[in-house]
Amino acid sequence: QVQLVESGGGLVQAGDSLRLSCASSGLTFSGYTTGWFRRAPGKEREFVASIKWSGGGIYYVDSVKGRFTVSRDNAKNTVYLQMNTLKPEDTAVYYCAVRVFGAAQYTYWGQGTQVTVSS
């Protein structure tokens, strides 16, 4: 059974940093992609960043480029999202998800972690 658990969210001020973690278990295969998404109040879920199991294939939504960095430590089965220079518009519930190799959609999702950025 695949489980994804996010952690590291919290309440911070604009300009601060946070590092989110996504710990996985039950992923007995390689070659998958891990993505970070977020859902702000009253808005649709939005793609934030993704990284392949190899550590390559890194993508970001334009609004976080230069501020957020996605990375992974496969030995720890953990993917990170380093978020710097946070803005109030980054306030959202952040989710990690896994897309298996060759799949069009993300299949496995975590429960989310709240990030609140005050101005």
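Q: Why does Ser21 count as buried?
A: In this predicted model, Ser21 has a relative accessibility of 15%. Buried means under 20%, so Ser21 counts as buried.

Q: What is Ser21 in contact with, leaving aside its neighbours within four places in sequence?
A: Ser21 is in contact with Val5, Glu6, Ser7, Trp36, Thr78, Val79 and Tyr80. Contact here means that heavy atoms come within 4.5 Å.

Q: Where is Ser21 found, and which residues stand opposite?
A: Ser21 is found in strand β3. Ser7 stands opposite Ser21, and so does Tyr80 in β8.

Q: How do you know that β1 and β3 pair?
A: Two strands pair if there are at least two bridges between them. Strand β1 (residues 3-7) and strand β3 (residues 18-25) have five bridges, so they pass that test. The sense of their pairing is antiparallel.

Q: What makes β3 and β8 a pair as well?
A: The cut-off is again at least two bridges. Between β3 and strand β8 (residues 78-83) there are six bridges, so these strands pair, and they do so in the antiparallel sense.

Q: Why is the link between Glu46 and Arg38 called a salt bridge?
A: The name asks for a side-chain nitrogen of Lys or Arg within 4 Å of a carboxyl oxygen of Asp or Glu. For Glu46 and Arg38 the N to O distance is 2.7 Å, so the pair fits the definition.

Q: Are these two partners, Glu46 and Arg38, buried or partly exposed?
A: Glu46 is partly exposed, with a relative accessible area of 28%. Arg38 is at 6%, and the limit for buried is under 20%, so Arg38 is buried.

Q: What makes Lys65 and Asp62 a salt bridge?
A: The N to O distance between their side chains is 2.9 Å. The cut-off is within 4 Å, so the name applies.

Q: Why is Asp62 called exposed, while Lys65 is called partly exposed?
A: Exposed means over 50%. Asp62 has a relative accessible area of 62%, so Asp62 is exposed. Lys65 has 48%, a value that lies between the limits for buried and exposed, so Lys65 counts as partly exposed.

Q: How do you know that Asp90 and Arg67 form a salt bridge?
A: Their closest N and O atoms are 2.7 Å apart, and the definition asks for within 4 Å, so the pair qualifies. Asp90 lies in the loop between β8 and β9 (92-99) and Arg67 in the loop between β6 (59-60) and β7 (68-73), so the salt bridge ties together parts that are 23 residues apart in sequence.

Q: Why are Asp90 and Arg67 called buried?
A: Asp90 has a relative accessible area of 1%, and Arg67 has 10%. Buried means under 20%, so the name fits Asp90 and Arg67.

Q: Which residues are linked in a network of salt bridges, and how many salt bridges does the structure hold?
A: Arg38, Glu46, Arg67 and Asp90 are linked in a network. The structure holds four salt bridges.

Q: What makes the phi of Asn77 worth a look?
A: Most residues other than glycine have a negative phi. Asn77 is not a glycine, and its phi is positive, near 50°. Asn77 is placed in the loop between β7 and β8.

Q: What is the phi of Thr85, and where is Thr85 placed?
A: Thr85 has a positive phi of about 45° although it is not a glycine. The place of Thr85 is in the loop between β8 and β9.

Methods: Residues numbered from 1 in each chain as written. Predicted model: local features only at pLDDT ≥ 70, side-chain atom pairs only at ≥ 80, totals over all residues. Heavy atoms only, no water. Helix = DSSP H or I, 4+ residues; strand = E, 2+ residues; numbered from the N terminus. Buried < 20%, exposed > 50% of the residue type's maximum accessible area, 1.4 Å probe, protein only.
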